[in-house]
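Please open the structure in your viewer and keep the sequence beside it. The tour below proceeds by selections, each followed by a description of what is to be found there.

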Amino acid sequence: MSKSRRECTHLNAVKAVSPTGDGCEECLAIGDSWVHLRLCRTCGHVGCCDDSKNRHARKHFLERKHPIISSFEPGEDWSWCFIDEIEVFPAAQRFPKLS
Ligand SMILES: [Zn+2]
Ligand SMILES: [Zn+2]
Ligand SMILES: [Zn+2]
C-alpha cells in the first residue's frame, strides 16, 4: 500500500483578507478568554482555537462554511482546512500575505 497524501481542494476559498481585530470577537463580546487565535482566510474573521473552550473558529466554519484558517499567533505560519482536516502548505507563500 502506498501512502497517498491528501491535498486540499479548497484553496479557492482563500481571499486577501484583513483581520477583523486582534482578538476573538465573540469572546470579547461575552468577556471570555481564549488560548490561541485563528484567522479565517475567506472573510478575515478572528476566532479562538479548538483548545479554547468556546472554539469560535470552528463554530465560524460550521456556520459560514469557510474552510481554511491560518494561525493568528505571532511567529506561527501554518494553515488548516476544516473540511479535509489536513494542514495546508505553504501558508505564507501560497496565500496572500497576512498583515
Ligand atoms: Zn480543503
Ligand atoms: Zn472565542
Ligand atoms: Zn470566514
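Begin by selecting K65, which lies in the loop between α2 and β3. The model is a predicted one. K65 has a positive phi of about 60 degrees, although it is not a glycine. Most residues other than glycine have a negative phi. Is K65 buried or exposed? K65 counts as exposed because it has 12 C-beta neighbours inside 10 Å, and a residue with 12 or fewer is placed in that class.

Next, step back along the chain to the helix α2 (56-64), which K65 follows. Select H56, A57, H60 and F61, which are buried in α2. Seen down the axis of α2, its buried residues fall within an arc of 150 degrees, so they line one face of the helix. An α-helix has 3.6 residues a turn, so residues three or four places apart point the same way. Now colour L62 and E63, which are exposed on the other side of α2. What covers the buried residues of α2? The cover includes α1 (25-30), β1, β2 and β3.

Show the strands next. Five strands form an open sheet in the order β2-β1-β3-β4-β5, with antiparallel pairing. β2 and β5 stand at the edges with a single partner strand each, so one side of each is left without a neighbour in the sheet. On average, neighbouring strands of this sheet are turned by 40 degrees against each other, direction ignored. The helix α2 packs on the sheet, where it touches β1, β2 and β3; the direction of α2 makes about 120 degrees with that of β2.

The pairs of strands may now be examined in turn.

- Select β1 (residues 37-40) and β3 (residues 68-71): three bridges join these antiparallel strands. R38 stands opposite S71 in β3.
- Add β4 (residues 79-81), which pairs with β3 in the antiparallel sense over three bridges. Here I69 stands opposite W80 in β4.
- Add β5 (86-88), which pairs with β4 in the antiparallel sense over three bridges. S79 stands opposite V88 in β5.

Turn then to the interior. Which residues touch the most other members of the largest nonpolar core? Of its 17 residues, they are L37, C48 and I69. β1, β2 (46-48), α2, β3 and β4 each supply at least two residues of this core, and its largest share, three residues, comes from β1. In soluble globular proteins, nonpolar side chains tend to be buried together. Centre the view on C48: leaving aside residues up to four places away in sequence, C48 touches C24, C27, W34, V35, L37, N54, R55, H56 and A57.

Finish with two loops. P74 is found in the loop between β3 and β4. P74 counts as exposed because it has 6 C-beta neighbours inside 10 Å. Select L37 together with P74: their C-alpha atoms are separated by 9.8 Å, and the two residues are 37 residues apart along the chain. The last selection is E85, in the loop between β4 and β5. Phi of E85 is near 55 degrees, a positive value in a residue other than glycine. E85 is exposed, with 9 other C-beta atoms within 10 Å.

How values were computed:
Residues numbered from 1 in each chain as written. Chains lettered and ligands numbered in written order. Predicted model: local features only at pLDDT ≥ 70, side-chain atom pairs only at ≥ 80, totals over all residues. Pairing = 2+ DSSP bridges. Helix = DSSP H or I, 4+ residues; strand = E, 2+ residues; numbered from the N terminus. Core = buried A, V, L, I, M, F, W, Y, C linked by C-beta atoms within 7 Å. Buried ≥ 20, exposed ≤ 12 C-beta atoms within 10 Å, placed from the backbone. Contact = placed C-beta atoms within 7 Å. Arc of directions from axis to C-beta. Axes fitted to C-alpha atoms, helices over the stretch in contact; angles between N-to-C directions.
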